[in-house]
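These are my notebook entries on a single chain. I record below what I looked up and what I found.

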Amino acid sequence: MKHTTSRTSGVVAVTAALLVGAAGSLLGQGAVITGKVTGRQNEALGGALVIIDELNSAVATTTTGTYTLAVPPERTKGQTVTLHARYIGYSATTRQITLTPGTQTQDFVLKFDPMTLDAVVVTGVAGEIERKKLTTSVGIVTAAQLQEAPGVSALGSLEGKVAGARLINPSGAPGGEPAIRLRGATALTSPSACTVPPCASTATPGPLIIVDGTITHHGLADINSEDIERVEVVKGAAASSLYGSNAANGVVQIFTKRGERIPDGRLVVTVRNEYGQSFRPKAIPWALSHPYLIDTVGTYTDVLGNTVNNGDYITPPAPTSTTCPTGGCLVGVNSQPNLKADHIADVPYNSFGRAVYDAQSALLTHGPFYTNYISIGQRRGNTNYNVSFQNTKQDGVLILLKGYNRQNFRVNVDQALGPRLDLSVGGFFGKSNNNQVAQGPGAPFFAVTFIEPNINLFAPNPDGTPYAAQIPHVLPNATNPLYTLANERITTDRSRFTGYGKATYRIRDWLSLEGNYNYDQETSVYTDQVPKNFLNSHGTPTSGSLARVDSGGRTFNTGATLTSVRTFHFGSWNVRNTTKAAYVYEDQTLTVFADTAAAFKVLNTPEFVAVDRTTLSPGSADIAIRNKNYYVISGFDIRDRYLVDGLVRWDGSSLFGPESRWQTYYRVSGAYRLSEDVHVNGIDELKLRASYGTAGLRPTFDAQYETFAVVAGVPVKQTLGNKTLKPARSAETEVGGNIDFLNRFSLEYSYSRKETKDQIMLVPLSGATGYVNQWQNAATLLGHTHELSLGAILVDRPELSWRVNVAADRTRQKITQLNTPPFLVGPDYVGNNDVTQHFKIAAGETFGVIYGTKIVRSLAELYADPAKQALSGANQHWSPDSVIINEDGFLVRKDLYHTIGERFIPYVDPTGSSVVKIADVNPDFNASFTTNLRYKSFSVYALVDWVQGGSIYNGTRQWPFFEFRDRVYDQASKPVATGCTGSAAACYSTGKKPTDYYQASSVSG
């Protein structure tokens, strides 16, 4: 018994231990959720994300679409949570589940989302939010859209994909990047456009650029488009308020590939090679006939012993001259030719069998470009990464240039260090070399417009070297662009390094803390070398020159963000709130050292040791900028249909005056998803939204300080400091709506009213101050913008798809306030003594109107001038019968009609001013049409960009216009007059005009 009893006790003890162990195992077991995510045709969706919203736990599906999501025991409490499955191009699906110990299966079948309503946006909002729940207008461009057509710059393929976003190519040179303009302007002009005060200026000419959280001030020329995962475009203050004093021009945020969308366990290797050519642009038409006096009688020897041949330029008769009394002397090669007596450009350059050449074709070529790209990405468990390398080469369209070379390397890594701690790190290094060409006056593109057709640019120099520098009978701006390209060397060597780290710690299931550090560094060396004995356009050797600019800058931004995501229940109403509080610190430095030598002393030694030290002009700059920013943003999602958002941001910056160091920005916005309450067949989504927000533009670095110019070794006062200088402040109201219908069409409309006050301007001061000018907050600019975009899926099948997108916008702006007298800005209006610049800045003036000389075309315009109206009676000087409309449609005096003295009449307005509005650069509207047709693996993409209305000042024609090179001078196609001798009236009876006619700017009388 005892043994038996003893044995029985042992059995009971063992059983109790097993029961206790089982209970402990059950209590210590977490939840395991498994399943499969499939698409519209039951295909496995590898790389889909399955997320528990409340726990911020996520896992990616494998290549077969399966997933396993484990929840630790300490977080498995029997609570109800939301399980969320998401995949790009498909509508997200949610499901309420109960977290209990053990394994449960949850499969998802995702619905195809052709209109990307569930695409996630993070720019300018409190947290990740689907596009359909945005309260503002945000453009989204995916990697697939960017790669539809090769883009030589990072955002070159953005054109036509976002309404209100325009890309402007300042030069088109290899290695350049487009300027991005979102909606209307916020500044009256840019710093570089200011030559003589008053000027308007802010530090930021374009939108704020953010790459993987890094606020960059070094542009996008180093970034390659293949690395981009998506781009989010915020177009105005109503949406960009989160970024405060740096965002009135909008925000463009770029996210690069990091492997997070790759199916779990799969290694993805992408190799992409592109090749193309930049074709020669359409040639600029020019005059093929000239107005100069030439020999037409045959070969002879002039009195100076020069041999004169048919077609040579000769001097007119000069009986009183002792050098050439009978005329007909050969014009020297370095002298300008003489005008014929009639001043008519009707002598073809190819007269008497003379050769003519096409200088533009000689300068331009078909420049190839190519790109080699490879990336490797993988997601395995708690780790994902992407590594890439790109090599690109652009030759451009100018011969003799090596063009632009760039090599980029990028790595991104995400690592979950535990159930509550995530780490993201990344780095980028880019190196480029650009053998470039100067821009503007004197540059090859400029000089070629002054080359006459009888100039052979490929002729040798007297010493046998190529590309003759001497231009016979040189016009003031004519040089051989090929000689310049072959002998002047301009290069920029540039390197860029970017690194970042971000850590996220989930303090509670609903509360997370994020810290980040982002670093961006750029260095460049610019060199412009003109060798000793470089020949000028007269063939005379020069001393050469050497210029070098070494610059280096670095920026970093760091901060901490606390984010709360809570769900509340008010009866049957579910309310989800996301609130974020953040601190952001920005630090920027720039160092520049430049030196220029105007002459070399030694041949073939392109170094400063070989220059004439007395010609050196050194310069340097050291700039440091500090910014401290705080913000709080909160968004409410009420029953998936009522959306409310609000934020406040406080910015402090060393760029602001000492008495205006802190500025406050804010936003309030809301949206109503009407389709959640009113169901209409065919309407997939209908949303109305409205937002009001403020953002700013920071001043330039030196705007708040006193500045001096050193004249003869003595400091001379220039700019008076301004301790109260504030950033320009942009306030925007945006209203709009979105409608997606028939599962194929998506329509979005936005209206923006944007008022930018406190424009920062360099204003001239009274001489009593002792200073020339001062930066002040002195103007207000008001703009109205309408934007419309339409996306349509015409065909959507597994093997065939066809999509069309239309993006259109219209903007009008007016200067409503100006605390300084009106002034003109912009490029010089060459040849006009009344107007030196084009654009007028004045209160009440439409922004973008061009001023200049207007030509009278009717009696009504003639008599707008009070002085001429007073003389319009019968037999008076300006009577109706004293004028006539000529062949060009201009009103001219009848007594001068068809004579050498015929001139157009400048318009004078009722106030007596001859400087009047002549054009408006603002188009009636902009519209872009893009289409993508795909059949299996073959795709075709097309973009049509349409600008309706609006005028552009043609400076390319204006410069050579006063040197007889413009095509309008060529009169050879007009009938030859009979009885024309010298400057007789018969010479002009067929409508031929003298050169003076086209250069005239006024009429006496």
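**Entry 1: disulfides**

How many disulfides does a search of the whole structure find? I found 1 disulfide in the whole structure, which is a predicted model. I then looked up its two ends: the bond joins cysteine 980 to cysteine 987, with an S to S distance of 1.9 Å. The angle about the S-S bond is 95°, and I noted the link of cysteine 980 and cysteine 987 as right-handed.

Is each of these cysteines buried, partly exposed or exposed? Cysteine 980 has a relative accessible area of 33%, so I entered this residue as partly exposed. Cysteine 987 has a relative accessible area of 2% and is therefore buried.

**Entry 2: confidence**

I next checked the confidence of the prediction. The mean pLDDT of the chain is 87, and 93% of the residues reach 70 or more. Two stretches were marked for caution. Residues 1–27 have a pLDDT below 50, and this stretch has 3 contacts in the model beyond near neighbours in sequence. Residues 829–835 also have a pLDDT below 50; here I recorded 20 contacts beyond near neighbours in sequence.

**Entry 3: a mixed sheet**

I looked up an open sheet of 5 strands and wrote down its order as E11-E17-E18-E15-E16, with mixed pairing. Which strands stand at the edges of this sheet? They are strand E11 (138–142) and strand E16 (214–216); each has a single partner strand, so one side of each is left without a neighbour in the sheet. On average, neighbouring strands of this sheet are turned by 20° against each other, direction ignored.

I followed the edge strand E11 to its partner. E11 pairs with strand E17 (residues 228–234) in the antiparallel sense, over 5 bridges. Within this pairing, valine 138 has valine 234 of E17 as its bridge partner.

**Entry 4: an antiparallel sheet**

I then turned to an open sheet formed by 4 strands in the order E3-E2-E5-E6, where the pairing is antiparallel. Strand E3 (57–60) and strand E6 (93–98) are the edge strands, and each pairs on one side only. I noted an average turn of 20° between neighbouring strands of this sheet, direction ignored.

For the pairing of strand E5 (residues 80–86) with E6, I recorded 6 bridges in the antiparallel sense. Which residue of E6 is the bridge partner of threonine 80? It is threonine 98.

**Entry 5: aromatic rings**

My count of aromatic pairs came to 24. I took one pair for a closer look: the ring centres of phenylalanine 961 and tyrosine 969 are 5.4 Å apart and their planes stand at 50°, so I entered the pair as tilted. Both phenylalanine 961 and tyrosine 969 are buried. I also noted one aromatic cluster, formed by Tyr292, Tyr313, Phe961, Phe964, Tyr969, Tyr997 and Tyr998.

**Entry 6: leucine 562**

Where is the place of leucine 562? I found leucine 562 in strand E30 (residues 545–570). With a relative accessible area of 36%, leucine 562 is partly exposed.

I checked its surroundings next. Leaving aside neighbours within four places in sequence, leucine 562 is in contact with Ile507, Leu511, Ser512, Leu513, Thr579, Lys580 and Ala581. I also looked up alanine 582, which is 20 residues from leucine 562 in sequence; the C-alpha to C-alpha distance between leucine 562 and alanine 582 is 6.3 Å.

Methods: Residues numbered from 1 in each chain as written. Predicted model: local features only at pLDDT ≥ 70, side-chain atom pairs only at ≥ 80, totals over all residues. Heavy atoms only, no water. pLDDT = per-residue confidence, 0-100. Contact = heavy atoms within 4.5 Å. Disulfide = S-S within 2.5 Å. Buried < 20%, exposed > 50% of the residue type's maximum accessible area, 1.4 Å probe, protein only. Pairing = 2+ DSSP bridges. Helix = DSSP H or I, 4+ residues; strand = E, 2+ residues; numbered from the N terminus. Axes fitted to C-alpha atoms, helices over the stretch in contact; angles between N-to-C directions. Phe/Tyr/Trp six-rings, centres within 6.5 Å; stacked < 30°, edge-to-face > 60°.
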